[in-house]
Amino acid sequence: MKPLRYASSLLPSIRDYSQVPRTWKGDFVAGVTVGIIALPLALAFGVSSGAGAAAGLVTAIVAGIVAGVFGGSNVQVSGPTGAMVVVLGPIVAREGVAAVAIVAVMAGVIVIVAGALRLGRTVTYIPWPVIEGFTLGIAVIIFLQQIPSAFGVETGESDNAAVAAAQGLSTLAPAAAVWPIAMVLVVAAIMILAPRIHPQLPGSIVAIILVTVVAELAELPVARIGALPSSLPLPSMPDLSWETVAVLIGPALTVAALAAIESLLSARVAATLADTGPYDPDRELVGQGLASVASGFFGGMPAVGAIARTAVNVRSGGRTRVAAIVHSIVLIGVVYLATGPVSAIPLAALAGVLMLTAIRMVSVATVRSIVGSTRSDTIVFIVTAIITVSVDLIVAVEIGIVVAAFFALRTLARSSGVHREELPGVIVAGDEQIALFRLDGALFFGAAERVLDRISLITNVHVVIIRMSQLQVLDATGARVVTEIVQNLERRGITVLIKGVQERHLNLLTHVGVLGSLRHQNHLFDDLDSAVEHARSHVQRAVGTDPNPA
């Protein structure tokens, strides 16, 4: 694809809205529905990250519009997410709230560059058990992060969610915990029961309204969201001095990697939920990057494609980008018309929303599918989840991929083989002096040593025929091993014939030196019968003491 054509494919087009005349009603309904659902999540994620409820709300508004227009999916809804909260919490603790907007801009630029470099397809290389282990770990962290609000205790000092939760619980005063715990239970119960009453009933909104009204009327002693701005802030450039960039480049890279992975996974899942058209992963990265940059300018958090809100959008009838834009307009209405009531929402109510959201992130059926598949996939899943909770999200993905790759290579190595075969046709005198080996599957660095040992240790033969026509995978290490086999056998006076080199392997075998190691250029064959006939002639000459067989 030519550069200009590729660049134009990353930009919005009138074709993005070609279906709007047919789908606008569904888009509008879906946008309103997602906006209502997104409100408590945006507030909760903002509070949980440490950036504040206003930052979560601004992120949902700005990212919803910018990513909706510039992103690569027709139905993706972006905003703050639980996974991003997990990463931002320690950043806020170390660098302060002001660092969030700076990291958003820096991470956004990195994600834009990744899209421009066509790295959008790389997410397809992440194994399914790694993704699910990562998701399970995030769910556990989100749940643990809500314990201070749920129990009315102070947050622990540790960056690790489990340790901080334990530290907070160690200071628990039972009398102070009664009302927060009751609010969490009421919110969770309403969210569970609401869909059973009516599928479209927004349980989280109903629960928060009910709990807030009761808390206000009874003047309950619980922490609230607090004052929110009654208008959107004006955009401003965060402090991007060299000193600040140097300090935050590490966190920005982590945020960028997480934003890219989560957004692409969400867009890919959304494409399977309904006939909403294909998604462009590179354009999706550019759109999400622009959304993070814009969010940072407005004092918000990094933007991410949110699978929960995206799924609700599709299931509610959203089919074009209009739905994501409507969702943001609904949230803008909240900012200008309802910040007073919203500021009175108890933090424990938001904790209840996030706790149940975290539980719902984990699919029992999916966990059973992975655990019941193979032992290696189970190990990858568990290791990724544990490292996500105990160490770091990106480290967990990296180690999960490494572990999965190890098991994949081991399986590939086991699928490869070297087999000694009988010579075809009628056996003639001297055939016992000919060894025929067939290489199967993959000959690469993980399996090469076994092949080397098997063939090089052959004795009591004059000729070895190596069949390579069934070889599916060959790397430089495998080719080098074949060279060593040929050289080793030829030094011992055993003639090596190679049969069935595939065209795609010929260049590699030539450059590594396999063909040059053969005694004669005629020792390369296309069919087995010719190779066997030539081998028999060598045996006859060897018996006749001919010192220079061809």
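Student: Where in the chain does Asn460 lie?

Tutor: Asn460 sits in the loop between α20 (448-456) and β5 (463-467). Keep in mind that we're looking at a predicted model.

Student: What makes Asn460 count as exposed?

Tutor: Its relative accessibility is 65%, and the cut-off for exposed is over 50%. So Asn460 goes down as exposed.

Student: What is there to say about the phi of Asn460?

Tutor: Asn460 has a positive phi of about 60°, although it is not a glycine. Most residues other than glycine have a negative phi. Glu219 is another one to look at: its phi is positive too, at about 50°, and it is not a glycine either.

Student: Where is Glu219, and is it buried or exposed?

Tutor: You'll find Glu219 in the loop between α10 and α11. At 68% relative accessibility, Glu219 passes the mark of over 50%, so it counts as exposed.

Student: Okay, now Ser73. Why is Ser73 called buried?

Tutor: Buried means under 20% relative accessible area. Ser73 has 6%, so buried is the right word. Ser73 lies in the loop between α3 (53-70) and β1 (78-79).

Student: What does Ser73 touch?

Tutor: Not counting residues up to four places away in sequence, Ser73 touches Ala267, Tyr279, Glu284 and Arg321. Its side chain also reaches the backbone nitrogen of Val75 at 3.2 Å.

Student: And Thr81, how do you know that Thr81 is buried?

Tutor: Try it with the cut-off again, under 20%. Thr81 has a relative accessible area of 3%, so it is buried. Thr81 is in the loop between β1 and α4 (82-95).

Student: What makes the link between the side chains of Thr81 and Glu262 a polar contact?

Tutor: The distance is part of it: the N or O atoms have to be within 3.5 Å, and these side chains are joined at 3.2 Å. Leaving aside neighbours within four places in sequence, Thr81 is in contact with several residues, including Phe45, Val304 and Arg309.

Student: Why does Ala256 count as buried?

Tutor: The limit is under 20%, and Ala256 comes in at 4% relative accessibility, so it counts as buried. Ala256 is part of helix α11 (residues 242-273). Among residues over four places away in sequence, Ala256 touches Ala107, Ile110 and Val111. Its C-alpha atom is separated by 8.6 Å from that of Val109, which is 147 residues apart along the chain.

Student: Let's do helices. Why is α2 called oblique to α10?

Tutor: Helix α2 (residues 20-49) and helix α10 (residues 203-217) pack at about 55°, with axes 8 Å apart. Roughly parallel needs an angle under 35 degrees, and roughly perpendicular runs from 65 to 115. The angle fits neither, so α2 is oblique to α10. The crossing is left-handed.

Student: Which residues meet there?

Tutor: From α2, Ile36, Leu39 and Pro40 meet Ser204, Ile205 and Ile208 from α10. By class, that contact has five nonpolar, one polar and no charged residues.

Student: What makes α4 and α5 oblique?

Tutor: α4 and helix α5 (residues 98-116) pack at about 125°, with axes 8 Å apart. Roughly perpendicular stops at 115, and roughly antiparallel means over 145. The two helices are therefore oblique to each other. Their crossing is right-handed.

Student: Which residues of α4 and α5 meet?

Tutor: Leu88, Ile91, Val92 and Glu95 in α4 meet Ala99, Val100 and Val103 in α5. These divide into six nonpolar, no polar and one charged.

Definitions and conventions
Residues are numbered from 1 along each chain as its sequence is written. This is a predicted model: local features need pLDDT of at least 70, side-chain atom pairs count only at pLDDT 80 or more; totals for chains, interfaces and linings use all residues. Side-chain values use heavy atoms; hydrogens and water are left out. Axes are lines fitted to C-alpha atoms, for helices over the stretch in contact, and angles run from 0 to 180 degrees between N-to-C directions. Helices (H or I, at least four residues) and strands (E, at least two) are DSSP runs, numbered from the N terminus. A crossing is left-handed if the near helix is turned anticlockwise from the far one by less than a right angle, and right-handed if clockwise. Contact means heavy atoms within 4.5 Å. Ala, Val, Leu, Ile, Met, Phe, Trp, Tyr, Cys and Pro count as nonpolar, Asp, Glu, Lys and Arg as charged, and the others, Gly among them, as polar. Buried means under 20% relative accessible area, exposed over 50%, partly exposed in between (1.4 Å probe, protein chains only). A polar contact is a pair of N or O atoms within 3.5 Å; within protein, one must be able to donate a hydrogen and the other to accept it, and residues adjacent in sequence count only if both atoms are side-chain atoms.
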